[in-house]
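Okay, thanks for making time, everyone. I'll put the structure up first, and then we'll walk through it piece by piece.

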Amino acid sequence: MTLYKQIVMGMIALFILLISSVFIIQFNTTRSNLEQQQSSEVSNTINTVGLALAPYLEDKDTIAAESVINALFDGSTYSLVKLTFFDERPAIVRTYPITPNGVPKWFTHLNLFKPISESRVVTSGWMQLAEVEITSHPGEAYRQLWNALIRLSIVFGCVFLVGLVAIALIIRHSLQPLHAIVIKMEQVARSQFGKPLPKPVTKDLVHVVDGINRMSSQVEKSFMAQAREAQQLRDRAYIDAVSKLGNRSYYMNQLESWLSEGGYGAVAMLQATFIEEIYDTQGYADGDAQVKALAEHLKLSIHAPGTNIARLSNSEFAFLFPHTEDDEIQSIAEDIMNCVSDMTPDPTGLVSPEAYLGLVLNKSKKTTTEILSLLDNALASAKADRAKPYCYISSEDNQIVMGKQQWKALVDEAMKNDAVNFRFQSACDKDGKELHKEVFSSIEKEGHRYSAIQYLFALEQLHVSHIFDQYVIQQMFDKLAQDEHGEDTLAINISASSISEPSFIRWVSQLLTQNPSVARRLHFEIPEACFIDIASYTALLCHGIREAGADFGVDHYGRHFQTLDYLNEFRPRYVKLDYLFTHNLKDEKQTYTLASISRAAHNLDIVTVASRIETQEQLDFLAEHFIDVFQGFIVDK
C-alpha cells in the first residue's frame, strides 16, 4: 500500500470518528429537547384542562365536563385522558390510538421516548372535585426526531464527502514532492536521466531533493563517461588516428564477416603512391594533411550502400562494397580515382597524382586469403597497365549469377507459391533460458538454395524489401496465432529500407494491434544504422511496436562508430553484438572494446546477445564480459 493511501485512510478514519461523535451528540441533544418539550406540553395541557373543568365539576355537570374533554383532546397527541370523580359517578376515559406518519417501524421500536403521564386534582376552594390524568403519545416526538435525523444525515453526509475530497487533495498536494522523488528514483534505476527536480515548498524535503539531483547528475555523468570510454576504446582498436577511417583490424574483421555471410559484392585496394612520396619529401605533417583530405573526399564521394573504407598503411586504402553488381564497378572505380585526381599536387592540373586501384568482384565462396590474393593481383595489374589507372578482376566461377530484377522475380514467385523456407535459431542465456528464436529465410529452386543475404540486398536497392518483410512478419504472426498456448518468442529481422517506408510502419502497427497476445511474442531486430541515419522513422516504428506489446532489439550493435547515445533514447529490449567484436577474442584490444560497449548496454538493463558462438570456451569468456545471451552452434547442439 502506498504512503498516500495509508495517510488518506488514516485521515478518513479520524474524520469518520469525529463526524460520528458530533452526529451522536447532536442526535442525543435533539432527542433530549423533544423529551423536555413533550413534558412541558403535558404540564401546560393538564393545567388548562383543570381550569376548564372546574366550573362544570362544581355543578356536577358530567355531560359538560365530557364535552370539554372531547373538545380539548380530539385530534391531539395524547393517548389517554382520564377524569375520575371523587363521588360515585363513573370515570370518563378517552383513549386515542395514534400512529406516527412517515416514520419506519424499526425506528419507533428503538424505544427512544417513553410515554409521559401526569395527573392533577381539580378543586373548588378546599373541596377536591375530581382527578385528571393525561398520558402523552411519543409518536409526534418520533416524527420530529426522524425528520431531524434525515436532515442531520444529509448535512453530515455532504460534509463527509467534501471532507474526503479535501483530505485527498490536500494530502496529494502535500505529497507531490515525494511523488516526484519516487518517479525520479525509478527513472534513475532505469538509467533514465531527465531534468533535475525543482525545489519543493516543504522545507523537510529540500535537502532530500538536492541530494537526489546531485546523485542523478553523478550517475548520468558516470554513464556518459562509460559511453565515451567505450567510444574511445573502440576508436583506438578500429579507427585510424589520422584519416578517421577504419584501420587494418577493422577492415579485416569486416572482410571476414562479409565472407562468412556469402561474400557477394566487391572489394578494392587503392595505393596512393603520391602520399608516400609526400611523407618522404615533405614530412609527416604534410603527409597527414593529404591523408585527411583524401579520406574526406572518399567519404563524401562514394555513396554505394554499406560501403566500408579503411586505411591499411601510410598510402593504402581498402574498400568493401557488399552486394555490388557488375554494372556498378566502373562507376565506383571512377569515383575513387576522381577523388585522387582532386588531390593533385601539380598546380597546372596536367599531371594526376600517382595512384593505382585494384578491384575484385566476388560472387562465389572465398576465403580471406583468396580474396586478398585476387586483390593483390588486381593492384599489380593496375600498376603494370599505365593506360588505365585501375584494374578489375572477377572471381566468378560456375555459380549462377543473377541481377537485381532476377532476384526480385525469384522472391515474388516464392512468396506467391509460399515457397519461402524458414528455420529458427535459439538465443539462450548461460542457464539455457531462451530469449527468442531468430527467424532465417531461404528459397530453393531447381536444386539451388538461396539464402536471404543473397536476395535481400537486391530488394533493398529496388526499394521493395518492405514487401518481403511484410510477408515474413505475416507468416510468423499466423504461426504464433495458431499456437495460442505456446511460449516461443520469434525474432524477425527488418531491412533498413523497409523502415523508411511509412506504409510499412502503419501496416506493422495495425497488424500487431489485432492480436496483443501474439504481439507480445514477437521481437523485431532493427539494424543499428537505422537508429543513427533514419532515427525519426525508426522512432515511429519502435513506438508502434512497443504500444502493441511487442518489443525490438538492435542488430549489428557497435558496427557504427558515431555514438552509443541512441541506447538511452530508444531503450531496446536487447542488442546483438556485431561479429566484429566476437570473432577474435584473443585480441586484447578487441576484448577491452567488447567489454566496454557491452557494459554500456548492461548498465541500462539492456540484454546483450552474441551470435555465432561455437565453443564452450567462447561462451564462458563472453559471459565474463557482460554478455547475457548466446546464439550459435553451442546453443543449438
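So, how many bridges join strand 13 to strand 14, and do those strands run parallel or antiparallel? There are 4 bridges, and the two strands run parallel. Before I go on, keep in mind that this is a predicted model.

Strand 14 covers residues 522-527, and within that strand glutamate 525 sits opposite asparagine 493. Strand 13, residues 490-493, also pairs with strand 11, residues 434-445. That pairing is parallel as well, over 2 bridges. If you want to find it on screen, look for glutamate 438, whose bridge partner in strand 13 is alanine 491. As a quick reminder, strands of a sheet pair through backbone hydrogen bonds, either parallel or antiparallel.

Now over to the open sheet. It has 5 strands in the order 6-7-5-8-9, with mixed pairing. At the edges you've got strand 6 (308-311) and strand 9 (390-394), each of them pairing on one side only. From one strand to the next, the twist averages 15 degrees. For an antiparallel example, take strand 5 (residues 265-271) and strand 7 (residues 316-322), which are joined by 7 bridges. One of the pairs there is glutamine 271 with glutamate 316 in strand 7.

Two helices to point out on this sheet. Helix 8, residues 284-301, packs on it and touches strand 5, strand 6 and strand 7. The helix 8 direction makes about 15 degrees with that of strand 7. Then there's helix 9, residues 326-341, which touches strand 5, strand 7, strand 8 (356-362) and strand 9. Its direction is at about 160 degrees to that of strand 8.

What about helix 12, residues 452-461: which residues are buried there? We get Ala452, Tyr455, Phe457, Ala458, Leu459 and Gln461. The cover over those buried residues includes strand 7 and helix 9, plus helix 11 (404-416), strand 11, strand 12 (448-451) and helix 13 (465-482). After helix 12 comes histidine 463, with a positive phi near 60 degrees.

Last stop, helix 1, residues 3-58, where we find leucine 3. Leucine 3 counts as partly exposed because its relative accessibility is 41%, and partly exposed runs between 20% and 50%. Together with Ile7, Met11 and Leu14, Leu3 makes a nonpolar surface patch of about 340 Å². On the spacing, remember that an α-helix has 3.6 residues a turn, so residues three or four places apart point the same way.

That's it from me.

Technical notes. Residues numbered from 1 in each chain as written. Predicted model: local features only at pLDDT ≥ 70, side-chain atom pairs only at ≥ 80, totals over all residues. Heavy atoms only, no water. Patch = residues over 30% accessible without salt bridge, like charges linked within 9 Å, V, L, I, M, F, W, Y side chains within 5 Å. Areas by Shrake-Rupley, 256 points an atom, 1.4 Å probe, with all protein chains shown as cover. Salt bridge = Lys/Arg side-chain N within 4 Å of Asp/Glu carboxyl O. Buried < 20%, exposed > 50% of the residue type's maximum accessible area, 1.4 Å probe, protein only. Pairing = 2+ DSSP bridges. Axes fitted to C-alpha atoms, helices over the stretch in contact; angles between N-to-C directions. Contact = heavy atoms within 4.5 Å.
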